[in-house]
Amino acid sequence: TKEDAKKFVNENNFDFNIYYDFTLDSVKNLEIYSYPTTIFVDKEGYINYVRVGTITKDELVDKINELK
C-alpha cells in the first residue's frame with residue numbers, strides 16, 4: 001500500500017521520490033504485462049533495473065542502495 005511504502009522509506013532513511021501509477025499510464029507506456037513489476041530509475045531518469053515478479057526486502061534495499 002501507499003502507507004507501507006512511505007513507512008519502508010522512512011524506516012530505512014531513504015531520500016527519494018516514489019511514483020504511484022494509479023492511472024496505469026506508465027504501465028501502458030512501458031508495456032508492463034506482469035504484476036508485480038518493480039522498476040528502478042537512476043538520478044538521470046534512466047531505467048537501471050527491472051524486476052518482474054515479487055522482490056524480497058533484501059533485494060529491494062540492495063538495489064536502492066546501489067542507486068544512491
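Which residues make up the largest nonpolar core? The legends below start from this question and then turn to other parts of the predicted model.

**View 1. The largest nonpolar core of the model.** Six residues make up this core: Phe8, Val9, Phe14, Phe40, Val61 and Ile64. Helices α1 and α3 each supply at least two residues of the core. One core member, Val9, touches Phe14, Phe16 and Ile18, when residues up to four places away in sequence are not counted.

**View 2. The buried residues of helix α3.** Helix α3 covers residues 57-66. Its buried residues are Glu59, Val61, Lys63 and Ile64. These buried residues pack against α1, β1 and β2. Val61 and Ile64 also belong to the largest nonpolar core.

**View 3. The two faces of strand β1.** Strand β1 runs over residues 37-41, and its side chains alternate. In a regular strand the side chains alternate between the two faces of the sheet. Thr38 and Phe40 point to one face and are buried. Thr37, Ile39 and Val41 point to the other face and are not buried. Phe40 is also one of the residues of the largest nonpolar core.

**View 4. The hairpin of β1 and β2.** Strand β2 covers residues 47-52 and pairs with β1 in the antiparallel sense, over five bridges. Ile39 stands opposite Val50 in β2. Five residues lie between the strands of the hairpin, where Gly45 takes a positive phi near 90 degrees.

**View 5. A nonpolar patch on the surface.** Leu30, Val41, Ile47, Val50 and Val52 form this patch, and together they have about 410 Å² of accessible area. Strand β2 gives the largest share of the patch, three residues. Val50, which lies in strand β2, counts as partly exposed because its relative accessibility is 42%, between the limits of 20% and 50%. Val41 of the patch is one of the β1 residues that point to the face that is not buried.

**View 6. Ile18 in the loop between α1 and α2.** Helix α1 spans 2-11 and α2 spans 25-29, with Ile18 placed in the loop between them. Is Ile18 buried or partly exposed? Ile18 has a relative accessible area of 34%, so Ile18 is partly exposed. Leaving aside neighbours within four places in sequence, Ile18 is in contact with Ala5 and Val9. Ile18 and Lys2 are 16 residues apart in sequence, while their C-alpha atoms are 9.3 Å apart in space.

Technical notes:
Residues numbered from 1 in each chain as written. Predicted model: local features only at pLDDT ≥ 70, side-chain atom pairs only at ≥ 80, totals over all residues. Heavy atoms only, no water. Buried < 20%, exposed > 50% of the residue type's maximum accessible area, 1.4 Å probe, protein only. Helix = DSSP H or I, 4+ residues; strand = E, 2+ residues; numbered from the N terminus. Pairing = 2+ DSSP bridges. Patch = residues over 30% accessible without salt bridge, like charges linked within 9 Å, V, L, I, M, F, W, Y side chains within 5 Å. Areas by Shrake-Rupley, 256 points an atom, 1.4 Å probe, with all protein chains shown as cover. Salt bridge = Lys/Arg side-chain N within 4 Å of Asp/Glu carboxyl O. Contact = heavy atoms within 4.5 Å. Core = buried A, V, L, I, M, F, W, Y, C linked by side-chain atoms within 4.5 Å.
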